[in-house]
Each structure stands twice: as structure tokens, then as C-alpha cells.
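Colleague: Could you walk me through how to read a sheet and the empty spaces in a model like this one?

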Amino acid sequence: MILHPELASLLARWRHANAIAILDGPFPSYSGVETIELILTTGVPTIPQVVDVILAEHAVTSVLMANEFKEHVDASTQADYLSHLGDLPITWIPHTEFKQRVGTCLGIVHTGDAVPYSNVILQWG
């Protein structure tokens, strides 16, 4: 059960054809897109930790990630992060396009994650 009231509220409004971005702390916010600050300190929580909680309670059908994650992050970290997504299909797009897509999301969840380009957009439907 998700106890954070703002996150629980956002997820309660997440419907078919919506998307939610789970982002590192330095990623910008967008006017008009609800932003939830979960960041406690560098590294807490991580994107995979937040993804695990959301996937345990919600139907996610696909994921968007930036190509740069594969290009700039070591193989071990990639494998660890991607393992949290299970068998969900991942669409890889340029980081510039990823940033544009974040602006169309229902909400943004900022984490303390410090791994570059590890941001994900979770899509339902």
C-alpha cells in the first residue's frame, strides 16, 4: 500500500492512456504537470524502488526510456535497473524526445536517484 498521500492521490487518478514519469531529482519540473517530490537525499529513494512499489499495485503496459541510458551507464547498473521492469516492453527514444514526453505526463515523481538517464515513463494502455 502506498502511504505517501500525494503519490497515492496521483496514482488514484492514473487512468488508461495516461503516463507517469519517475525521474531523478535534477530532472526539471514542468508547469502544468503535477510534481511529487519524494527525494530525501542523493540516492534515496531510487527509481527502481519507486517503480517496484508502483508495479506492485498498478497495471503498467509499457515503459519509455532514453537511449542515453544504454550509452552512458555501465552494463551491471543497466541490468539491475532493467530487471525491475520485468517483461514490460521498453521503447527507447532520444533524451530530447524523452524530455518532451515528460511534459505530457499526468504527473512527475522526483526521486533521489543519481544514475544518469535512468528516468522512466510508465504507461498504462
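Here is a short conversation about the sheet and then the spaces.

Modeller: Gladly, and keep in mind that this is a predicted model.

Colleague: Let's start with the sheet. How many strands form the sheet, and in what order?

Modeller: As a general idea, strands of a sheet pair through backbone hydrogen bonds, either parallel or antiparallel. Here the sheet is open and built from six strands, in the order β2-β5-β1-β6-β3-β4, with mixed pairing.

Colleague: Which strands stand at the edges?

Modeller: Those are β2 (34-37) and β4 (90-93); each has a single partner strand, so one side of each is left without a neighbour in the sheet. On average, neighbouring strands are turned by 20° against each other, direction ignored.

Colleague: Can you show me one pair in detail? How do β3 and β6 run?

Modeller: Strand β3 (residues 62-66) and strand β6 (residues 120-123) run antiparallel and are joined by three bridges. To find your place on screen, look for Ser 62, which stands opposite Gln 123 in β6.

Colleague: And which strands does helix α1 touch?

Modeller: Helix α1 (residues 5-12) packs on the sheet, where α1 touches β1 (19-23), β2 and β5 (107-110). The direction of α1 makes about 145° with that of β2.

Colleague: Now the spaces. What is the general idea there?

Modeller: Rolling a probe the size of a water molecule over the atoms shows where empty space is left.

Colleague: What volume does the largest pocket have, and which residues line it?

Modeller: The largest pocket has a volume of about 160 Å³. Its lining consists of Met 1, Ile 2, Leu 3, His 4, Leu 7, Leu 38, Pro 45, Gln 49, Val 50 and Val 53. Eight of these lining residues are nonpolar, two are polar and none is charged. Helix α2 (residues 47-57) gives the most to this lining, with three residues.

Colleague: How many cavities of 30 Å³ or more does the structure hold?

Modeller: There is one cavity of 30 Å³ or more. The largest cavity has a volume of about 60 Å³.

Colleague: Which residues line the largest cavity?

Modeller: Look for Ile 47, Pro 48, Val 51, Met 65, Tyr 81, Leu 82, His 84, Leu 85, Ser 118 and Val 120. By class, the cavity lining has eight nonpolar and two polar residues, with no charged ones.

Colleague: Which helices each supply at least two residues of that lining?

Modeller: They are α2 and α4 (75-83). Of the contributors, α2 gives the most to the cavity lining, with three residues.

Conventions
Residues numbered from 1 in each chain as written. Predicted model: local features only at pLDDT ≥ 70, side-chain atom pairs only at ≥ 80, totals over all residues. Heavy atoms only, no water. 1 Å grid on protein atoms, 1.4 Å probe; cavity = no way out; pocket = protein on both sides within 12 Å on 5 of 7 lines; lining within 4 Å. Points joined across faces, edges and corners; volume = space filled by probe spheres on them. Helix = DSSP H or I, 4+ residues; strand = E, 2+ residues; numbered from the N terminus. Nonpolar A, V, L, I, M, F, W, Y, C, P; charged D, E, K, R; others polar. Pairing = 2+ DSSP bridges. Axes fitted to C-alpha atoms, helices over the stretch in contact; angles between N-to-C directions. Contact = heavy atoms within 4.5 Å.
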